[in-house]
Amino acid sequence: MPWIDAVQSPPANARVVQIGTDPAHVRYPMRTHRADLNIAGETGVVLPALEAILGFDSGAPRQVPGGLPASPAAPGATISPEYLSRCIGEAIDADTILINEYPLRLEHCPRTRAGTYFGLSAAGGLGWGLPAALGAKLANPERLVVATLGDGAYIFANPTACHWAAEAHGLPVLTVIFNNSLYGAVRNSTKAMYPKGGAAEDAWRMLAELDPSPAFETLVEASGGKGFRVEDAADLPAVLAQAIATVRAGQQALVNVICPY
């Protein structure tokens, strides 16, 4: 769904345009979000046509909005997801394929080329990211593929099977885990529904806790990969560079980043 009215919604004077193969959802008569204009069509066809009408050059890089706060993307006492996202953005090149399941902050890791960023869709399920990265590598053997995952998403992906498949089929990818030792989606949903409930007493970690956190960096080593663990923000850029060099040399790698948030 595009928004949740109880949380936030567009201003009353905003013009809402919806694009899709069935934007009115006529086969599923349960859609209640307002739309001032519905455009039926494949997104890949409609958006270039819209860009032409608006006078945009579809091949030109997009400008990233300025004014982003510097502090969350800067190193601190602990590694923030914003800083980790920024370091990933600085470590990869424009041709790298980035597969993100939840944690990456795209505003701190902008992608300007089509086909270089894929995120979990509303139809997806937990554990999609790492298998999707293997598929992307299979289709693009010469390009660097990076999967950015939460620790919960990594567990749900059946990582033992994924790393085995990567070794068996020659699919070296880089896995970066945003390790906050909990299921963030569970915590966020509990916080939204019961902001003053019993779970609030332990920062909404109840039933979302993943402590003690496994040494994820050792799982990739069982299938011939190289694992890294980062707890100090100052070490992060160099470790990411080393991990990327490892993958480019033909060996899968994983960086377990301790990232409390």
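**Note on the predicted model**

1. His163 is a buried residue, with a relative accessible area of 2%. The structure discussed here is a predicted model. His163 sits in helix H5, which covers residues 159-168. Beyond its neighbours within four places in sequence, His163 is in contact with eight residues that can be picked out in the model: Leu130, Tyr154, Thr175, Leu219, Val220, Ser223, Gln252 and Leu254.

2. On confidence, the mean pLDDT of the protein is 89, and 93% of its residues reach 70 or more. One stretch to read with care is residues 61-71, where pLDDT stays under 50. For these residues the model has eight contacts beyond four places in sequence.

3. How many disulfides does the structure hold? The count is zero. Cys87 is in no disulfide, and the nearest cysteine sulfur to it, that of Cys109, is 10 Å away. A disulfide is a covalent bond between the sulfur atoms of two cysteines. Here the cut-off is 2.5 Å between the sulfur atoms, and the 10 Å from the sulfur of Cys109 to that of Cys87 is too far for a bond. Both cysteines are away from the surface by the accessibility figures: Cys87 is buried at a relative accessible area of 5%, and Cys109 counts as buried at 0%.

4. A nonpolar patch of about 520 Å² lies on the surface. Its residues are Leu47, Leu50, Ile53, Leu54 and Phe56. Phe56 belongs to the loop between helix H1 (43-54) and helix H2 (81-91). Is Phe56 buried or exposed? Its relative accessible area is 55%, so Phe56 is exposed.

5. The structure holds nine salt bridges. Side chains of opposite charge can pair when their charged atoms come close. One of the salt bridges joins the side chains of Arg34 and Asp36, with an N to O distance of 3.2 Å. Both partners count as partly exposed, Arg34 at 34% relative accessibility and Asp36 at 42%.

6. Another salt bridge is formed by Asp95 and Arg143, whose closest N and O atoms are 3.4 Å apart. Asp95 lies in the loop between H2 and strand E3 (97-101), while Arg143 lies in the loop between helix H3 (129-139) and strand E5 (145-150), so the pair ties together parts that are 48 residues apart in sequence. Asp95 counts as partly exposed, at 33% relative accessibility.

7. Glu217 and Arg229 also form a salt bridge, and here the closest N and O atoms are 3.9 Å apart. Which parts does this pair tie together? Glu217 is in the loop between helix H6 (184-193) and strand E7 (226-230), and Arg229 is in strand E7 itself, so the parts joined are twelve residues apart in sequence. The two ends of the pair fall under separate headings for accessibility: Glu217 is buried, with a relative accessible area of 12%, whereas Arg229 counts as partly exposed at 41%. Elsewhere, Arg205, Glu209 and Asp211 are joined into one network by salt bridges that share partners.

Methods. Residues are numbered from 1 along each chain as its sequence is written. This is a predicted model: local features need pLDDT of at least 70, side-chain atom pairs count only at pLDDT 80 or more; totals for chains, interfaces and linings use all residues. Side-chain values use heavy atoms; hydrogens and water are left out. Buried means under 20% relative accessible area, exposed over 50%, partly exposed in between (1.4 Å probe, protein chains only). pLDDT is the predictor's confidence in each residue, from 0 to 100. Contact means heavy atoms within 4.5 Å. Patches are made of residues with over 30% relative accessible area and no salt bridge: like charges are joined within 9 Å, nonpolar side chains (Val, Leu, Ile, Met, Phe, Trp, Tyr) within 5 Å. Accessible areas come from the Shrake-Rupley method with a 1.4 Å probe; for residues, only the protein chains shown count as cover. A salt bridge is a side-chain nitrogen of Lys or Arg within 4 Å of a carboxyl oxygen of Asp or Glu. Helices (H or I, at least four residues) and strands (E, at least two) are DSSP runs, numbered from the N terminus.
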